[in-house]
Structure formats: structure tokens, C-alpha cells
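Subject: Structure handover

Hi,

Here is the structure I promised you. Please open it alongside this note; my findings follow below.

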Amino acid sequence: MSTERGEFSSRIGFVMAAAGSAIGLGNIWGFPGQAAQNGGAAFVVVYIILSFIVAYPVFMAELTIGRYSQSNIVGAFNIIEGGKKFKFVGYMGVLAASLIYGFYAVIAGWMLSYVFNAIFTIMGFNEIAQWCIDSSSLLRNISFMGVFGLLTMYIITGGVKNGIEKWSARLMPALIIILIAMIIYVSLQEGAMKGLAFYLSPDFSKIGDGKLILSALGQAFFSLSLGVGTMLVYGSYIRKNENLPVIGALVTLADVGIAFMAGFLIIPAMFVAQASGVEIYAADGSLIAGANIVFQVLPELFDSLGAVGPFFALIFFALMTIAALTSSISMLEVPVAYAVDDLKLNRKKATFIFGFTIMAISVVLIMYMDVLFGLVVSIATQWLQPIIGLLLCIFIGWVMNRNQVLGELKQGYPEVENSFFYKIWPWFVRVICPVLILLIFYTTLFG
Ligand code: TRP
């Protein structure tokens, strides 16, 4: 084992870091946006079910493989008996993590640009403030992505305990406080109740649509950071005396809980915006979705607040940037851990090499935004993540030695063999999750 490997210092340290990874733009923006578009509470229900029956078992597979092998997604297949044939899965994971980090840093850069827009507006520098959010400026897009990338690299060079854990433990409480404060504020505004009703009333007619289920599954995988080796490598940094099924469940609950909570911010905020004159329905009568929620509707809402507007904008976009940062570090950690464990590079060097290489990918994505961006997002998140998740299930369920799996879970949970968890989880990773994932692909392709 490389001496460069780290370890989380405590259970709470791991929970903060893993929740920090899981809770990101996917929760605060992706989830509410999808819920608004896909039948409100109907989507929420499907999402919660899939999170627990498909995503949680895959999450447990990653944690177990990681902690057993004490390695990253590539190295694990070198170490575990029978893994050689699955090594391509490891490389796919490193590729997927890099692509996801590549586009995530671009979006996170935009969040950061709105933080600076608010700061310059407050200071009265209106021209610079305007430049910060000029989406047509390549220089603007590249600079903010670059600053965000450097922040991520800075944290990653600090290592597991003094980088990932320390910053997650600082930033996650801040995120939760800001989120709650904003929910309270928004719910007191005119129009909020209309948004609440929209969010909580289910339109079940949308569930029959295979696309809804695929979106919900993709969202669940993305939100729990699965299928690229993030949770696998985080698992490798958990102490042996920790109870994996329990901390896995805690992180899943935190992730689903924050997504659900964010719905109480974003959807009511859209209707508050409407009450103050902002258009929230697109030309075809559907609710505005995707990037336009965050970069059009909400900024217009902040503008309508007058002098306090920039302060609210500052707080909101700081929330988004923090959420993004604790997630982006977990993406960069995938290739970095591979380089440290298997290529024997030191952490700083590994961070520089991968950090800057992926930055180059981000630049390409910015330059060819129209053709490339959506394509890379869908290849990485709708295809690579679930396929790799499926292969990890097959590996732990059918290839890896049962006693090794059980032995790993027993560390930190000696009675696991007789638990409800162990009665059903092996069947989930062996059969149920793979079949569900395949079924969902089938419906999307041929349904
Ligand atoms: N889960 C994070 C979010 O919701 C994003 C994320 C972090 C991620 N690490 C990942 C997504 C690995 C996919 C794979 O924003």
C-alpha cells in the first residue's frame, strides 16, 4: 500500500465528506428542476424509491469494494481476486469521473461568476459586474471555470484528512444553514404557497413515461455520486471499525433529504418570481426548466427585490458554489487516487497533472458548448454511470468471493450476517439492481 494514502479521522468526518460529495448542484438545482418538470410529487416519489432500492445497494457495493481493497476503482480490480477481467470498468470509471468533473467545473464556474456579480454590484462596479455574467464571453467562462478548478485542486492537494474532510466539515454546515434560512425567507413571500402546492401535488400521469423513470434513476445515480468510483475511493478511506450499511444509509438519507428540502426553496422561489412579474412559463406553456431557472428566473427575482437583491443573490450563489465545491473535490479524487495508488505519483503531482488536463477538457467544452456540452453530460451521466454501476453490482455479487464481502462488512458490524440488510442486499446487487438498470435502459431505447 502506498504511504500516500489517507484516512478519514472519524465517522462524522466521513459522513461530512461523503454527504459533501453527494449533495451538490444535482440536489439543489437538478432535483427541483426535474421535479417541477416531471409531475411534481410524482417524480419525488419515484426518485425516493429508486434512491433506496437501486442507488443505495450500488452505493454499498462501492463502499465495500473500496474498503476491502484499500484502493481506487482501478487498483481495486488488481487487488481483488478475479478482478483482472473487470479492470476496464476501473478505467471507464476514471474516464467518467474526469468527464463529469470537466462539465461540472464549467457550471460551477458560472455559479462563482454570479457570486462575483453580486459582490461587484454591491460595491457599485456595475460594468465589471455585468461582465461577470456575460454568458457570451469565452474569457469569462474560462476564467471562472479556472478559478473554481484551482480551488478544487487546492483542497485535493491537502489530502484526505486535511483537504477533503476538513473542507467538507467546514462547508457542509454552512450549506445547510444557508439553505434553511433561504427556505424560510422564500416561504414568507407572496406566491410561495402556489409553488408549494405545485411541488407537493403529484401528477401521476407522467409516471407511465419511461423517460421519467430514466431521469429519476439518472438523477439518483448522479446525486449519490455513483458509478465512477467516487464512493469506492471514499470507502477506502473509512476506518475498518465503522459500520458500512449504517453510514451508507445515513449518507443516502442526507442526500435525499437535502434534495427534497431544496425543492422547498427552488419551486416556491419560481412562483414568488412570478408574483413579482417574472415570466416562469416557456412559450409552449411548460414551466421554465434547466439552466434557465438558476440563470434567468432567480436573477430576475433578485433584481425585483431592489437594494437587498444583490445580497440575496450573493447568499444564494455562495450556497451553490459551496455545494459544487464539496462535490467537485470528490470527482477529482478519482483520477488522483488512481495516480497515487497505482502510478505511484505523489499527491501534488497527481493533482496538477489531472487537474490541468481536465481543465483543458473544460476549455474544449466551453469552446464547443453547442455541440459538445449536452452530449458529454448525457454520455457520462445517463449511460456511463448506470453501466458502471451495473458492472460493479455484477462484480461484487457474482465474481468477488462471498466470504470476503461478508468478512469486510463484519468489520464494524459483527452481527451483519443475521441482519435484515444482509438478508436482502446480496440479492439486490446480484439480480434486482442489474435487472432494473437494464429494464430502464430497454424502455428508453425501445419503449
Ligand atoms: N452528487 C453530486 C451532485 O449532486 C455530483 C457528484 C459528485 C458526482 N461526485 C460525483 C456525480 C461523481 C457523479 C459522479 O451534484
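The largest cavity has a lining of 18 residues. Nearest its centre are S21, I100, F222, S225 and M331. Five elements each give two or more residues to this lining: α1 (11–22), α2 (25–37), α5, α10 (210–223) and α14 (309–341). By class, the lining of the largest cavity holds eight nonpolar and ten polar residues, and no charged ones. The volume of this cavity is about 140 Å³.

Before you go further, note that this is a predicted model.

How many cavities of 30 Å³ or more are there? The count is five.

The second largest cavity comes in at about 120 Å³. Its lining is made up of 14 residues. M182, V186, A269, L301 and F302 are the closest to its centre. At least two lining residues come from each of α8 (159–187), α12 (244–275), α13 (291–304) and α14. The biggest share is from α12, which supplies four residues. The class split for the second largest cavity is 13 nonpolar, one polar and no charged. Neither lining has a charged residue, then: none for the largest cavity, and none for the second largest. Helix α14 appears in both lists, giving two or more residues to the largest cavity and at least two to the second largest.

Now the ligand. It is surrounded by 17 residues. The closest are A22, G26, Y104, F222 and S223. F222 is thus on two lists: it is among the closest residues to the ligand, and it is also among those nearest the centre of the largest cavity.

Three polar contacts to the ligand are worth a look on screen:

- G26: a polar backbone atom lies 2.9 Å from an oxygen atom of the ligand.
- Y104: a polar side-chain atom is 2.6 Å from an oxygen atom of the ligand.
- S330: an N or O atom of the side chain sits 3.1 Å from a nitrogen atom of the ligand.

One last residue: S98. Where does S98 lie? It is in helix α5, which spans residues 87–123. Is S98 buried or exposed? S98 is buried, because its relative accessible area is 10%, under the 20% cut-off. Beyond its neighbours within four places in sequence, S98 is in contact with P335 and I358. Helix α5, home to S98, is also one of the elements that line the largest cavity.

Over to you.

Best wishes

Definitions and conventions: Residues are numbered from 1 along each chain as its sequence is written. This is a predicted model: local features need pLDDT of at least 70, side-chain atom pairs count only at pLDDT 80 or more; totals for chains, interfaces and linings use all residues. Side-chain values use heavy atoms; hydrogens and water are left out. Buried means under 20% relative accessible area, exposed over 50%, partly exposed in between (1.4 Å probe, protein chains only). Contact means heavy atoms within 4.5 Å. On a 1 Å grid over the protein atoms alone, a cavity is a set of points where a 1.4 Å probe fits but cannot get out, and a pocket is an open set with protein on both sides within 12 Å along at least five of seven lines; lining residues have an atom within 4 Å of a point. Grid points are joined across faces, edges and corners, and a volume is the space filled by probe spheres set on the points. Ala, Val, Leu, Ile, Met, Phe, Trp, Tyr, Cys and Pro count as nonpolar, Asp, Glu, Lys and Arg as charged, and the others, Gly among them, as polar. A residue is near a molecule or strand if one of its heavy atoms lies within 4 Å of it. A polar contact is a pair of N or O atoms within 3.5 Å; within protein, one must be able to donate a hydrogen and the other to accept it, and residues adjacent in sequence count only if both atoms are side-chain atoms.
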